[in-house]
Amino acid sequence: LETTACVRLTMRLNADLIARSPAYLNALKDRELDLRGNKISAIENLAACQNQFDSIDLSDNEIRKLECMAVLPRLKMLLLAHNRISRLAERLSEAFPGLETLVLTDNSFAQLSELSPLAGLPSLTSLSLVDNPVTKQQGYRHYVIARLPKLRVLDFKRVTTSERAAAAAAFGHVAAEAATGDSGDADGAAAAAAAPPMA
């Protein structure tokens, strides 16, 4: 009897795919590149965008790590919902110095320490991690707020003044290290100790 293996096919993000993908003005009147649903497994070759877009939509793909070798200073919004991301590259600000909105809804982040590199996005004002396992961790919201001093909206809820104060009290060391760019493993261990998983 013949047997068939179930293979997960993926596609490379290359200059040809970027050229063939729809580009338009979105509801915010920003120029957006639509790369949704292409089974892309890695973020690569975005230099082919030639920094022409305010927003890039990479939702509904197979991406496992948020990283980028290209430098895209124009980019303000990055949409990565419904992927498989569980890792963030260090020094994301080098690729996305002006990034304001990051949507990571329905990905695979599980530990607070995995979010440490978010501190490398100093312009970030809106972040979604809805439907990631990490959101069930005790202290999750305060940890993220402490990491991102300019954050105004987390998981579609406005960050309040009282939350900011509570985050500073609970994770003051995190905020200080975020300001100096130190987001190493020691920070992750400290965060885990301060915010153990909920039973």
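Buried, as used in these legends, means under 20% relative accessible area. The views below all come from a predicted model.

**View 1. Cys-49, a buried cysteine without a disulfide partner.** With a relative accessible area of 3%, Cys-49 falls under the 20% cut-off and is therefore buried. Cys-49 takes part in no disulfide, and its nearest cysteine sulfur belongs to Cys-68, 8.4 Å away.

**View 2. Cys-68, seen from the other end of that pair.** Cys-68 has 17% relative accessibility, so this residue counts as buried too. Why is there no bond to Cys-49? The two sulfurs lie 8.4 Å apart, which is too far, because a disulfide needs them within 2.5 Å. Searching the whole structure turns up 0 disulfides.

**View 3. An open sheet of 8 strands.** Welcome to the sheet: its strands run in the order 1-2-3-5-7-8-9-10, and the pairing is mixed. Strand 1 (23–25) and strand 10 (157–158) form the edges, each pairing on one side only. Zooming in, strand 7 (residues 101–103) pairs with strand 8 (residues 126–128) in the parallel sense, over 3 bridges. Here Leu-102 stands opposite Leu-127 of strand 8.

**View 4. Helix 3 packed against helix 4.** Helix 3 (residues 140–147) meets helix 4 (residues 161–170) at an angle of about 90 degrees, and their axes are 8 Å apart. That angle lies within the 65 to 115 degree range, so the two helices are roughly perpendicular. On the helix 3 side, look for Arg-141, His-142, Ile-145 and Ala-146; they meet Glu-163, Arg-164, Ala-166 and Ala-167 of helix 4. Sorted by class, this contact holds 4 nonpolar, 1 polar and 3 charged residues.

Note on methods
Residues numbered from 1 in each chain as written. Predicted model: local features only at pLDDT ≥ 70, side-chain atom pairs only at ≥ 80, totals over all residues. Heavy atoms only, no water. Pairing = 2+ DSSP bridges. Helix = DSSP H or I, 4+ residues; strand = E, 2+ residues; numbered from the N terminus. Axes fitted to C-alpha atoms, helices over the stretch in contact; angles between N-to-C directions. Parallel < 35°, antiparallel > 145°, perpendicular 65-115°, else oblique. Contact = heavy atoms within 4.5 Å. Nonpolar A, V, L, I, M, F, W, Y, C, P; charged D, E, K, R; others polar. Buried < 20%, exposed > 50% of the residue type's maximum accessible area, 1.4 Å probe, protein only.
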